[in-house]
Amino acid sequence: MVDILRLHESIRGAFPEFTTDPAVHAHLFSPYALFVDRPALEAMGRVAAAVFDVAGNPGYGQRVLQWAPDIATHDPASAGGVLGLDFHLTVDGPRLIEVNTNPGGLLLNAVLLDGVRSCAPAAWTTWTTATEAHSAAVAAWLDDARQQSGRAPSRVAIVDSAPREQFLYPEFELYADAFREHGVDCVIRAPEDLRFGPEGLADADGPIDMVYNRLTDFALEEASHADLRQAYLAGDVALTPHPRAHALFADKRNLAVLGDAALLGGFGVDAGSAALLAQVIPPTVEVVPGNRDALWAARNGYFFKPAAGFGSRGSYRGDKLTRRTWESMVSATYIAQAFAAPSLRIVHGGQSLKADVRCFASEAGVLLFAARLYQGQTTNMRTPGGGFAAVLTSSRIEE
């Protein structure tokens with residue numbers, strides 16, 4: 001078990017600016033690790049590579065951009081940085097539940113690695129080290145910005161709405177320190193702190209040429225995001241992840257396309273990649289008037305998610321869904337995904353926690369694997385004993 005109190009203390013020792021609220025972040029980290037065999041993790045890495053490959057396919061792009069906001073047609077010439085691919089572990093192998101373009105927890109889980117490696121059983125290890133994951137994470141975001149602007153950024157703003165009120169604000173502080181370590185000045189800002197003018201995007205202290213985007217307004221439609229939107233469309237700031245990335249990767253309707261091997265084959269996608277995605281993505285359909293009655297009747301076998309949702313908001317297990325909630329869902333675009341049950345982690349005292357695995361990956365490959373342990377319908381950071389958890393796997397032969 002990881003000593004969580006000591007972990008928080010060690011983080012604060014290394015990063016004095018790291019601030020957690022005991023009342024809010026009591027279950028940010030789990031004291032338990034999740035044990036996953038190496039072939040399963042390697043399979044997840046292949047899935048991540050296949051997703052990046054398909055996203056670059058013109059036929060696929062044309063298909064999924066049909067339901068994307070207009071801003072997604074703007075191509076900043078980069079993939080969009082880092083993805084978080086969420087998997088459930090089943091007896092038939094990993095199942096890809098969703099893809100996220102602004103995945104939280106990467107640096108937090110990197111910090112967790114050293115704590116767990118020191119107390120891991122001899123036959124088990126982490127996929128990577130804290131130092132390697134930390135460096136790879138920052139490099140991925142900086143490389144994406146460099147692809148957009150053709151140069152290394154000099155000043156980056158980490159942007160989110162009311163950033164200090166965000167649950168993962170401590171990670172913003174870790175990122176700010178990491179960017180500075182890489183020679184890039186960094187500030188944490190709310191979108192209304194930014195102004196776009198003749199000299200480009202700036203805050204009160206000077207110009208900004210890169211924005212690490214943690215906003216959940218994926219199309220930058222809110223009024224307070226107008227300056228950032230204008231700077232992005234003008235090509236005056238590298239925005240990562242960007243609206244096109246969300247449209248290509250993270251709209252949940254895309255899972256129905258990614259999981260259709262015949263459709264991907266028609267686009268010219270490699271047969272191996274198409275078959276792999278069809279195998280790991282549970283059957284997914286958009287909820288439309290023509291199938292609502294059938295889906296309601298078969299609801300126990302499905303999980304329902306809003307197409308543009310995030311953080312499990314508005315998501316429902318079919319067997320927990322009431323008729324009243326079902327009728328209220330008509331006003332939003334939903335997908336129905338065949339239910340793939342999460343695996344269980346039995347911990348101290350016989351407590352049973354559900355588990356999913358997040359694969360953090362860029363075009364360069366896997367950066368880190370992390371788990372989330374929880375109870376309830378969806379992942380949360382409110383379960384005693386739950387939270388972000390390190391993934392331990394079997395050692396490589398050469399190790």
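Q: What makes strands E18 and E19 count as paired?
A: Two strands pair if DSSP finds at least two bridges between them. Four bridges join E18 to E19 (residues 387-394), therefore the pair meets the cut-off. The two strands run antiparallel, and Ala 370 stands opposite Ala 390 in E19. Strands here (at least two residues) and helices (H or I, at least four) are DSSP runs, numbered from the N terminus. This is a predicted model, in which local features need pLDDT of at least 70 and side-chain atom pairs count only at pLDDT 80 or more, while totals for chains, interfaces and linings use all residues. Residues are numbered from 1 along each chain as its sequence is written, and side-chain values use heavy atoms, with hydrogens and water left out.

Q: How do you know that E17 and E18 pair?
A: E17 (residues 352-362) and E18 share nine bridges in the antiparallel sense, and at least two are required, so they pair. One of the bridges puts Ala 361 opposite Val 366 in E18. E17 and E18 form a hairpin with two residues between them.

Q: Why is E18 said to be largely enclosed by the rest of the structure?
A: Buried means under 20% relative accessible area, exposed over 50%, and partly exposed in between (1.4 Å probe, protein chains only). Eight of the ten residues of E18 (residues 365-374) are buried, so the strand is largely enclosed.

Q: Why is the contact between Arg 244 and Asp 75 called a salt bridge?
A: A salt bridge is a side-chain nitrogen of Lys or Arg within 4 Å of a carboxyl oxygen of Asp or Glu. The closest N and O atoms of Arg 244 and Asp 75 are 3.9 Å apart, so the contact qualifies. Arg 244 lies in helix H8 (residues 243-250) and Asp 75 in the loop between helix H3 (58-64) and strand E2 (83-90), so the salt bridge ties together parts 169 residues apart in sequence.

Q: What makes Arg 244 buried and Asp 75 partly exposed?
A: Arg 244 has a relative accessible area of 16%, which is under 20%, so it counts as buried. Asp 75 has 48%, which falls between the two cut-offs, so it is partly exposed.

Q: How do you know that Asp 203 and Arg 189 form a salt bridge?
A: Their closest N and O atoms are 2.8 Å apart, which is within 4 Å, so the rule is met. Asp 203 is in strand E8 (residues 200-203) and Arg 189 in strand E6 (residues 185-189), so the pair ties together parts 14 residues apart in sequence.
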